[in-house]
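Reader: Please show me the model, and then let us go through its enclosed spaces and its nonpolar packing.

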Amino acid sequence: MNFDGRVAVVTGAGGGLGRTYALELARRGARVVVNDLGSTVDGSGASHSAADMVVGEITDAGGEAVANYDSVATEEGGAAIIQAALDAFGTVDIVINNAGILRDRSFANMTMDEVDAVLDVHLKGAFHVTLPAWKVMKEKGYGRLVFASSAAGLFGNFGQSNYGAAKMGLVGLSNVLAVEGAKYGIMSNAVAPIARTRMTEDILGPFAELVAPEKVTPLVVYLCSEACQTTHGIFTVGGGRYARVFIGTNHGWFSGPDGVPSVEEVSDHLDEITDLSDYIVPSNVNEETALFASMLAG
Ligand code: NAI
């Protein structure tokens, strides 16, 4: 699989997972914008060295890349990141929204500053970068988008209400872009990685040895490829496991077309309401509505 002629933007590519995505895309012929603010894990500080180092690795290996140091957390930053791709390489085909920070705290002690900081980088950051790229992709009728989500949002994790909300927000953004992008050849997917990076080195314990970031890379690079016709997907990937996460809805309990059931009736049918033996995985709102409409029609 090769990426000759393709231009990729990888945010937060100065280290950790983003670096591995940038290296592998470049190794396979993509021209890459290596974006990284060069901040600490909590988002403070800035430095050019992280992005420069990865660009050096790519060019030393014979690949093509440019560094960009803008923050995804502002609209101007996002615009400048995509402009860097247009200036250096004339287009953009692939965006991996990977930049991220942590401000973990139990909900009782969470401050709105910590909420804003995390939403600004992860969730609004993805809008800042993807909006200007979308215009180019829509025009050319081709695009591949990957959003870095997390099990913390998909399934919940103590102390990460800000991060979990942002990461689940990215799934919503990816799903809508999959629906809107279908007719323009734009595929959009979300990935929840598990990997040993500076972000996780303190929490993985002995497990760290088994979850090299390079084990996440093949799936993410596949989702960026021309071969990938998968869209609207959510994947969990780490330590050699590659799997799908999905949002489905069961058949549920239908109370009938007329009247309103009592609270007691709802309580009496809770087993049916929560039963998982029969479900669908809608790929857009209409597919859920069709299930509901078929019940109403009898
Ligand atoms: P990392 O800390 O090694 O990489 C994140 C990079 O983003 C850093 O190089 C940092 O400088 C950059 N960055 C931070 N704020 C930025 C901004 N405003 N603008 C541009 N760049 C910025 O962490 P890691 O583990 O590689 O994380 C990559 C992504 O994967 C993140 O979105 C993270 O939330 C997500 N993730 C990682 C998991 C893991 O197990 N490592 C688990 C679940 C999700």
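Reader: Which element gives the most residues to the lining of the largest cavity?

Author: This is a predicted model, in which local features need pLDDT of at least 70 and side-chain atom pairs count only at pLDDT 80 or more, while totals for chains, interfaces and linings use all residues. Residues are numbered from 1 along each chain as its sequence is written, and side-chain values use heavy atoms, with hydrogens and water left out. A cavity is a set of points on a 1 Å grid over the protein atoms alone where a 1.4 Å probe fits but cannot get out, and its lining residues have an atom within 4 Å of a point; helices (H or I, at least four residues) and strands (E, at least two) are DSSP runs numbered from the N terminus. With 4 residues in the lining of the largest cavity, the element that gives the most is α4.

Reader: How do the residues of the lining of the largest cavity divide into nonpolar, polar and charged?

Author: The lining includes Thr 11, Asn 97, His 122, Gly 125 and Lys 167. Ala, Val, Leu, Ile, Met, Phe, Trp, Tyr, Cys and Pro count as nonpolar, Asp, Glu, Lys and Arg as charged, and the others, Gly among them, as polar. The division is thus 6 nonpolar, 5 polar and 1 charged.

Reader: Which element supplies the largest share of the lining of the second largest cavity?

Author: Among the residues that line the second largest cavity are Tyr 21, Val 146, Phe 147 and Val 220. The elements that give two or more residues to this lining are β4 (94-97) and β5 (143-148). The largest share, 3 residues, comes from β5.

Reader: Which element supplies the largest share of the largest nonpolar core?

Author: A nonpolar core is a set of buried Ala, Val, Leu, Ile, Met, Phe, Trp, Tyr and Cys residues joined through side-chain atoms within 4.5 Å, where buried means under 20% relative accessible area (1.4 Å probe, protein chains only). Of the 39 residues in the largest such core, Val 9, Ile 82, Val 92, Val 95, Leu 145 and Phe 147 touch the most other members. The largest share of this core, 10 residues, comes from α4.

Reader: Which residues does Ile 82 touch, not counting residues up to four places away in sequence?

Author: Contact here means heavy atoms within 4.5 Å, and Ile 82 belongs to the largest nonpolar core. With residues up to four places away in sequence left out, Ile 82 touches Val 9, Val 92, Val 95, Val 129, Pro 132 and Ala 133.

Methods: On a 1 Å grid over the protein atoms alone, a cavity is a set of points where a 1.4 Å probe fits but cannot get out, and a pocket is an open set with protein on both sides within 12 Å along at least five of seven lines; lining residues have an atom within 4 Å of a point. Buried means under 20% relative accessible area, exposed over 50%, partly exposed in between (1.4 Å probe, protein chains only).
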